[in-house]
Amino acid sequence: MTIMGIDAGEARIGVAMGDDLLRIASPWSIVPAHPEEKALSALKQMTRVERVEKIVIGVPRFPGRPEQQTNQEEKIRAWAERLRSVTDIPVVFVDETFSSQLAARWQQDRAQKGKRDDLAAVAILQSYFDALG
C-alpha cells in the first residue's frame with residue numbers, strides 16, 4: 001500500500017511517499033500551507049493520483065514527556081482532521097521531534113540548500129516504517 005508522510009508546517013507542508021512493502025520513504029513535494037483550502041485540495045489530488053491508503057503525520061512531543069501534548073500538536077491534529085475529512089484516508093501520528101534536525105543534516109551532507117520540508121516528511125515516514133519492525 002502507498003503511504004503518504006507529512007510534515008505539516010505553518011508556511012509549508014512537506015510530503016513524502018513510500019510503500020509498506022519496501023518501507024522506503026522518498027521526498028515527494030512541498031506544498032504552500034496557505035490558503036488552507038488550496039493546500040488540502042493539492043494533497044487530496046496527490047492521494048488520488050498516487051492511490052494513497054494511509055497518511056502519516058508528524059507531531060512534536062516534549063522530550064522526556066511524550067504523553068504531554070504540545071500546542072503545536074493540537075493544531076496539527078485539528079488540521080489532520082480537516083485533511084482526513086477531505087480525503088477519507090486514515091491518519092496515523094508519529095513523533096516528529098527531531099525530523100527537522102535530521103532533514104537539515106541530510107541536506108548538509110549533500111551540500112544542498114533551500115527548503116527541507118520534504119526531507120522532514122521523509123524522516124517522519126521512515127520512522128513510521130522503521131517502527132513496523
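In this predicted model, helix α2 comprises the 17 residues 71-87. At 1.5 Å a residue the helix should span 24 Å, and the 25 Å between its end C-alpha atoms agrees with that expectation. Glu73, Ile76, Trp79, Ala80, Leu83 and Thr87 are the buried residues of α2. Because these residues cover an arc of only 130 degrees around the axis, they lie on the same side of α2. Asn71 and Lys75, on the other side of α2, are exposed. Just after the helix, aspartate 88 adopts a positive phi of about 60 degrees.

Trp79 also belongs to the largest nonpolar core, which has 21 residues; together with Met4, Ile6, Ile13 and Leu43, Trp79 is among those with the most contacts inside this core. The elements β1 (2-8), β2 (12-19), α1 (36-50), β4 (52-59) and α2 each give two or more residues to it. Apart from this core lies another, of 11 residues, including Ile3, Val56, Val122 and Ile124. Isoleucine 6 touches, among others more than four places away in sequence, Leu43, Trp79, Leu83 and Ile124.

The sheet is open and consists of 5 strands in the order β3-β2-β1-β4-β7, with mixed pairing. β3 (25-32) and β7 (91-95) stand at the edges with a single partner strand each, so one side of each has no neighbour in the sheet. From one strand to the next, the twist averages 25 degrees. The pairing of β2 with β3 is antiparallel and extends over 7 bridges; arginine 12 stands opposite proline 32 in β3.

Two helices lie across these strands. α1 crosses β1, β2, β3 and β4, running at about 150 degrees to β3. Helix α4 (residues 117-131) lies across β1, β2, β3, β4 and β7, at about 40 degrees to β2.

Technical notes: Residues are numbered from 1 along each chain as its sequence is written. This is a predicted model: local features need pLDDT of at least 70, side-chain atom pairs count only at pLDDT 80 or more; totals for chains, interfaces and linings use all residues. Side-chain values use heavy atoms; hydrogens and water are left out. Helices (H or I, at least four residues) and strands (E, at least two) are DSSP runs, numbered from the N terminus. The expected span of a helix is 1.5 Å times one less than its number of residues. Buried means under 20% relative accessible area, exposed over 50%, partly exposed in between (1.4 Å probe, protein chains only). The arc is that of the directions from the helix axis to the C-beta atoms. A nonpolar core is a set of buried Ala, Val, Leu, Ile, Met, Phe, Trp, Tyr and Cys residues joined through side-chain atoms within 4.5 Å. Contact means heavy atoms within 4.5 Å. Two strands pair if DSSP finds at least two bridges between them. Axes are lines fitted to C-alpha atoms, for helices over the stretch in contact, and angles run from 0 to 180 degrees between N-to-C directions.
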